[in-house]
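Please open the model in your viewer, switch to a cartoon representation, and keep the selection tool at hand for the stops that follow.

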Amino acid sequence: MSRVTLPPSWRSVIHLGVFAATPWEFAAVQRALTAVERRRLDAVRCVTGHRAGRRVVLVQSGIGPTRAEQVSRRVLAEERIDLVVSTGFACALVPARIGDLALATEVVTQEPQGSTGSPVPAAAELRALASEAGRRMGMGGCRPGAANGA
């Protein structure tokens, strides 16, 4: 299998945080980790392991933006994390097959008052890297922007 060359900005990432909402998403990511240590941070289910020479903190964040915010704040206050990845079933919003890869074109936050924040473009360099890695692994993909009707 060919390897993807990481951009310079990725090389500085040593501690990766992966947040998965459901037990099924959590279990899928956990299977990819080695040297796993299971623990709880308060009531939050966490696993620390390794992948590709990086320390990975896997967190089951729970469902919904309020729960995700609470858990994220708690974990980020306790753990050294260089990059956070949220993983889940985003393709449930559009027709997709198991194993398809959906890549965000932007991230929109929800403000505490319930209003939607300004969209933040996803890093093109990291999107291209993820897309190439998925292509090399034979993954299908969701059409970018399909979830918002683009």
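Two strands count as paired if DSSP finds at least two bridges between them. With that in mind, and remembering that this is a predicted model, select strand β1, residues 15-20, together with β5, where the two pair in the parallel sense over 5 bridges. Within this pair, pick Ala-20 and you will find Thr-87 of β5 standing opposite.

Next, select β2 and strand β3 (residues 44-51), which run antiparallel and are joined by 6 bridges. Arg-38 has Val-47 in β3 as its bridge partner. The two strands form a hairpin with 2 residues between them, and in that turn Asp-42 has a positive phi of about 60°.

Now widen the selection to the sheet as a whole, an open arrangement of 5 strands in the order β2-β3-β4-β1-β5, with mixed pairing. At its edges stand β2 (34-41) and β5 (83-87), each of which has a single partner strand, so one side of each is left without a neighbour in the sheet. If you follow the strands across the sheet, the twist from one to the next averages 20°.

Finally, select helix α2, residues 23-30, and show the side chains of Glu-25, Phe-26 and Gln-30, which are buried. Looking down the axis of α2, you will see that its buried residues fall within an arc of 135°, so they line one face of the helix. Which strands do the buried residues of α2 pack against? Display their surroundings and you will find β1, β2, β3, β4 (54-60) and β5.

Notes. Residues are numbered from 1 along each chain as its sequence is written. This is a predicted model: local features need pLDDT of at least 70, side-chain atom pairs count only at pLDDT 80 or more; totals for chains, interfaces and linings use all residues. Side-chain values use heavy atoms; hydrogens and water are left out. Helices (H or I, at least four residues) and strands (E, at least two) are DSSP runs, numbered from the N terminus. Axes are lines fitted to C-alpha atoms, for helices over the stretch in contact, and angles run from 0 to 180 degrees between N-to-C directions. Buried means under 20% relative accessible area, exposed over 50%, partly exposed in between (1.4 Å probe, protein chains only). The arc is that of the directions from the helix axis to the C-beta atoms. Contact means heavy atoms within 4.5 Å.
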